[in-house]
Amino acid sequence: MTYNKVIGAVEIGTSKVVVLVGELVGDKGLNIIGQGEATTVGVKKGEIVDFRAASDCTHAALQAAERNAGATIEAVYLSQTGGHLKGFYNRGVVPVSAPDNIVNEIDIQRAVNEAKCKKLPTGRVYIHHIHNGDHLDGRAVTNPYMMQGEKLEVGYWHVHGDEHKVRDHIHVINGFGLEVEDMIISSIASGSMMAREVEKENGVLVVDIGRGTTDYVLYRAGRILRTGVICIGGDHITNDLSLGLRITPQHAEEFKKKLGKARIDPTDKNEKVWLFGDLTIGERAIPKLAIYKIITARIEELFGILKQELGGALSRDRVAAGVILTGGTSRLPGIVDVASSGLGVEARLGNNPKWVLREDLRGPEYSCALGLLYYGLNSQRSGDVAEGKKGFVQKVAKLLSIA
Amino acid sequence: MKGKKNIDRAVARSWRNISQIAGRKAVTKIARKRKILGYCKISAIGLTMVAVMGGLFFGVRLVVSGYDSINLAAPSENLRRILFRSDGVLSHEWVQEIVRIPITTEMMDVDIFAIKDLLESHGQVRKVEVWRRFPDQLEISIEEREPLLRARVPALDGGFDELLVAVDGTIYPGFDYSRVDLREIPYLGGITFRREAKGFAPVPSVEILRELLVFARKHYPEIYRTWKVVSCENFSGARNRLGEVIKIEGTDVREIIFSPDGFEGQLERLARVVEYSEQRRISVVKRIDLSVGEQVSVQYYAKLNPGAIPRDTLSR
């Protein structure tokens, strides 16, 4: 009997904590059996600044998800984001050891170890080692095993982060009595949901514009080429509106959601909007153009930074499938046009895949959590997670579905 | 690589090297509650399993080792008392005389079937039930035969024995009957009593006699009381055969002839004749023949009221 865990995908975002509980159905189906959300407190720009507050809201979301699912989460797949995440490309180059220059497993393992052995500065830990291509004697190969060549080169994109900040995230989960089975950075989780295989093959950039951060992942030839985090998100737009219009952050958020758009139209010049809308003392009219200008400026800045970070890797021929926007801030009307003009590549809004049947999860805000769940359940299916870790009593409890 | 596997020492520090043990401060109220609930559930599982295993163990042990008998009875002692009841006249002393069980007999040594057979061998006893009432009592319940007639049968020593004829024809010596009660029972005459190994053969045709006598005793007790002898001299037991009559000799009516059929009508006519005679101050009637259908043949003495008839002149 195959033992499938009930797993929880946890995204501790700047605006909300999302927990999705899922299980495998047969060989191919994924079943989302529970969902929990809580407004985040104590998290800024994807990083925990108040551990206690972050624990409270995360545990509340976990509890809500377990109750909704009617099951106990047994393992957690956790997303990670924040400005502390950095990436770099490193290669492992080894000579082929066999006298006939046929590449064997040992050569590959040596090259992998070589690629992964770079020490990090103190206080940094690796999050991912993302394999993004092999070369044999200078030519790109899909799988060098049993091929002939003299020099094997294995390329990895390494993502690392601040150990303390990563530990905080992990310990928030541990405080609930759960262990983190695996950790995935938000951009990869979102990318796995948004981009299809053919798009990854042709080259696609997935940009998840959240509240506190903007995470991106660049695919080409079916592999992850690059990831990154820009500490600009929807919150910055709100702050800009609040400062620029001299209104409270609550009003700024309200204006952003109700009226905000990323592109200015000529007809917007003369329109105004009332601050309170009920002739209260302090009521004043605010030009809509001012709102749009502030928003547009920040969005254009965001895409400008993104283009600068990606540099030559972002071009029409290298990213043939274009740019996919997701995340809550991608709901801003006109953002696609700004992205297209700012990045110089065709952009569009992403859609969560069709197997996500629940309507409430089809919004762009859930692409990261869905990607986590999908990743976690596929790990279960592939049997990569070792079985038999549960004790006898826990297994019986699982069978009885009461623990 | 996924899952918690040891990282090759050549690879630098990974997030998996971070210990996943949260301090107490990381445990919120929600988490604490969840933990306690989890412990409670596991304890419940454990207790349930212990209970199931224990139940299985004892169940198997019970089945394998066999059923233990449970002694519900009080410990057995010697027989001390015999409780006796009867629906007739037999007394406790009679039973004790017959049964004769020593006091030192243990209860389980008392052969209740032998006692039953012994008591049922007496003709007066129709049915016996015997029980042990632990720790020291025996209970005997008797159903007796009801006497219908008396019979004087030749004894082996040349005299006569006075026996009783039950309603089912059984002939038996009566015990514990009062003389007063017996005096009211008429004699049976006109029959040859056949001796058998154990007493006498049952009287045939007694059922028809019973019909007549029980009816008369119930509905015409004053007339019945005067009957002294029921003679089957001309009665073989057949109801419809020609010439079959039952003759009754009494004190007030010296001879009453009954047909074996239709006793109710005959007795009614007899009662009218007796009443008529009494009205005429005729105390003794010689003969009343009721066997000729609806008519009644009455004979009076030439000298009315001849007086009491000596006992020995009554035919047997």
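Let's start with a hairpin in chain B. Strands S4(B) and S5(B), residues 160-166, pair in the antiparallel sense over seven bridges. This is a predicted model, so please hear everything that follows in that light. Five residues lie between the two strands of the hairpin. In the turn, B:Gly158 has a positive phi of about 105 degrees. One pair to look at: B:Arg152 has B:Glu162 as its bridge partner in S5(B).

How many of the eight residues of S4(B) are buried? Six are, so strand S4(B), residues 147-154, is largely enclosed by the rest of the structure.

Now over to chain A. Chain A has eleven helices and 18 strands. There are 403 residues in chain A, and 55% of them count as buried. Take the contacts in chain A between residues at least 6 apart in sequence: 68% of these join residues at least 24 apart. On the outside, chain A exposes about 17,700 Å². Carbon and sulfur atoms supply 51% of that area.

Next, a sheet in chain A. Five strands form an open sheet, and the order is S14-S13-S12-S17-S18. The pairing is mixed. Which strands are at the edges? Strand S14, residues 223-230, and strand S18, residues 347-349, each pair on one side only. From one strand to the next, the twist averages 20 degrees.

Two helices go with this sheet. Helix H8 of chain A, residues 288-310, packs on the sheet. H8 touches S12, S13, S14 and strand S17, which covers 323-326. The direction of H8 makes about 135 degrees with that of S14(A). Then there is helix H9 of chain A, residues 335-343. H9 lies across S12, S17 and S18, and runs at about 155 degrees to S18(A).

Look inside the sheet at S12 and S13. Strand S12 of chain A, residues 204-209, runs antiparallel to strand S13, residues 214-220. Six bridges join them. In S13(A), A:Tyr216 is the bridge partner of A:Val207. As a reminder, side chains in a regular strand alternate between the two faces of the sheet.

Let's move to helix H6 of chain A, residues 234-245. How far apart are the end C-alpha atoms of H6(A)? They are 16 Å apart. At 1.5 Å a residue, the twelve residues of H6(A) should span 16 Å, so the two values agree. Right after H6(A) comes A:Arg246, with a positive phi near 55 degrees.

Which residues of H6(A) are buried? Among them are A:Gly234, A:His236, A:Ile237, A:Thr238 and A:Asp240. The buried residues of H6(A) pack against helix H7 (249-259), strand S16 (285-287) and H8 of chain A. That brings back H8, the helix that packs on the sheet.

One residue of H6(A) deserves a stop: A:Ser242. Buried or exposed? A:Ser242 has a relative accessible area of 13%, and buried means under 20%, so A:Ser242 is buried. Leaving aside residues up to four places away in sequence, A:Ser242 touches A:Ile247, A:Thr248, A:Pro249 and A:Ala252.

Last, the cysteines. How many disulfides does the structure hold? Zero, over all chains. A disulfide is a covalent bond between the sulfur atoms of two cysteines. Where do two of the cysteines sit? A:Cys368 is buried, at a relative accessible area of 1%. B:Cys232 counts as buried too, because its relative accessibility is 3%.

That's my tour. Over to you.

Note on methods. Residues numbered from 1 in each chain as written. Chains lettered and ligands numbered in written order. Predicted model: local features only at pLDDT ≥ 70, side-chain atom pairs only at ≥ 80, totals over all residues. Heavy atoms only, no water. Pairing = 2+ DSSP bridges. Helix = DSSP H or I, 4+ residues; strand = E, 2+ residues; numbered from the N terminus. Axes fitted to C-alpha atoms, helices over the stretch in contact; angles between N-to-C directions. Contact = heavy atoms within 4.5 Å. Disulfide = S-S within 2.5 Å. Buried < 20%, exposed > 50% of the residue type's maximum accessible area, 1.4 Å probe, protein only. Expected span 1.5 Å × (residues − 1). Areas by Shrake-Rupley, 256 points an atom, 1.4 Å probe, with all protein chains shown as cover.
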